Amino acid sequence: MLIEAGQAWAAFLAAEPPVAEELTERPITWWNEDDQVMEGWIDTLLRLPDGQVVLVDHKSYPGDHPVEHVREKYLGQMATYSQALAAAGLAPARILIHLPARGEVVEVELGATDGEPVDAH
């Protein structure tokens, strides 16, 4: 299963626009305007040749309803990471949830102006 998951991820990356650099396990700390602190690790940032970044989070969900699961569990986390990256001048061009146990990638959409969660598909 591990080999298949790795092959599926490599196939996904090969089918996407060129990736200049794959940055893994990136530490992140951010204070928002309400003085709340967020610390964590970004699983993967894909730096594109034009300098934009794609935020990727790997989740182990093996169930039958991946989009619904992402909507229920991860939109807030991805919105927070996106806001933190934007504050550092690296607003993500795309946000992806990689589900290696399913061999799938779900894309997350956030509000254009406020970074609030909108949807996953």
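The exercises below, each with a worked solution, concern a predicted model of a single chain.

**Exercise 1. Judge the confidence of the model, and state where in the chain confidence is lowest and where it is highest.**

Solution. Begin with the chain as a whole, for which the mean pLDDT is 86, with 92% of the residues reaching 70 or more. Then turn to the individual elements: strand 6 (residues 117-120) has the lowest confidence, at a mean of 53, whereas strand 3 (residues 53-58) has the highest, at 95.

**Exercise 2. Describe the largest nonpolar core, and find which residues touch the most other members.**

Solution. The largest nonpolar core has 22 residues, and those that touch the most other members are I42, L55, V70, M78, I97 and V108. Next, assign the core to its elements: strand 1 (21-31), strand 2 (37-47), helix 3 (75-87), strand 4 (94-99) and strand 5 (104-110) each supply at least two residues, and helix 3, with six residues, gives the most. Finally, take L55 as a case in point; leaving out residues up to four places away in sequence, L55 touches a list of residues that includes I42, T44, M78, Y81, L85 and L96. Apart from this core lies another, of eight residues, with F12, L46, V56 and L96 among them.

**Exercise 3. Locate the aromatic pair of the structure and classify its geometry.**

Solution. The structure holds one aromatic pair. The ring centres of W9 and F12 are 5.6 Å apart and the ring planes stand at 15 degrees, so the pair counts as stacked, given that planes under 30 degrees apart meet that criterion. As for position, W9 and F12 are three residues apart in helix 1 (residues 2-15), and about one helical turn therefore separates them. Both W9 and F12 are buried.

**Exercise 4. Is D57 buried or exposed, and which residue meets D57 in a salt bridge?**

Solution. First place D57, which belongs to strand 3. Its relative accessible area is 2%, and because buried means under 20%, D57 is buried. Next consider its surroundings: not counting neighbours within four places in sequence, D57 is in contact with D43, Q77, M78, Y81, L96, I97 and H98. The side chain of D57 also meets that of K59 in a salt bridge, at 2.8 Å from N to O, and K59, at 14% relative accessibility, likewise counts as buried.

**Exercise 5. Which parts of the chain does the salt bridge of E21 and R47 tie together?**

Solution. A search of the whole structure finds four salt bridges, and one of them joins the side chains of E21 and R47, at 3.5 Å from N to O. Since E21 lies in strand 1 and R47 in strand 2, the pair ties together parts that are 26 residues apart in sequence. To complete the description, E21 is partly exposed at 38% relative accessibility, and R47 is partly exposed at 30%.

**Exercise 6. Work out how strand 4 and strand 5 are arranged.**

Solution. Strand 4 and strand 5 run antiparallel and are joined by five bridges, with L96 standing opposite E107 in strand 5. The two strands form a hairpin with four residues between them, and here G103 takes a positive phi near 70 degrees. Lastly, E104 forms a salt bridge with R102, whose closest N and O atoms are 2.6 Å apart; E104 is partly exposed at 29% relative accessibility, as is R102 at 26%.

Notes
Residues are numbered from 1 along each chain as its sequence is written. This is a predicted model: local features need pLDDT of at least 70, side-chain atom pairs count only at pLDDT 80 or more; totals for chains, interfaces and linings use all residues. Side-chain values use heavy atoms; hydrogens and water are left out. A nonpolar core is a set of buried Ala, Val, Leu, Ile, Met, Phe, Trp, Tyr and Cys residues joined through side-chain atoms within 4.5 Å. Buried means under 20% relative accessible area, exposed over 50%, partly exposed in between (1.4 Å probe, protein chains only). Contact means heavy atoms within 4.5 Å. pLDDT is the predictor's confidence in each residue, from 0 to 100. Rings of Phe, Tyr and Trp (its six-membered ring) pair if their centres lie within 6.5 Å; planes under 30 degrees apart count as stacked, over 60 as edge-to-face and the rest as tilted. Two strands pair if DSSP finds at least two bridges between them.
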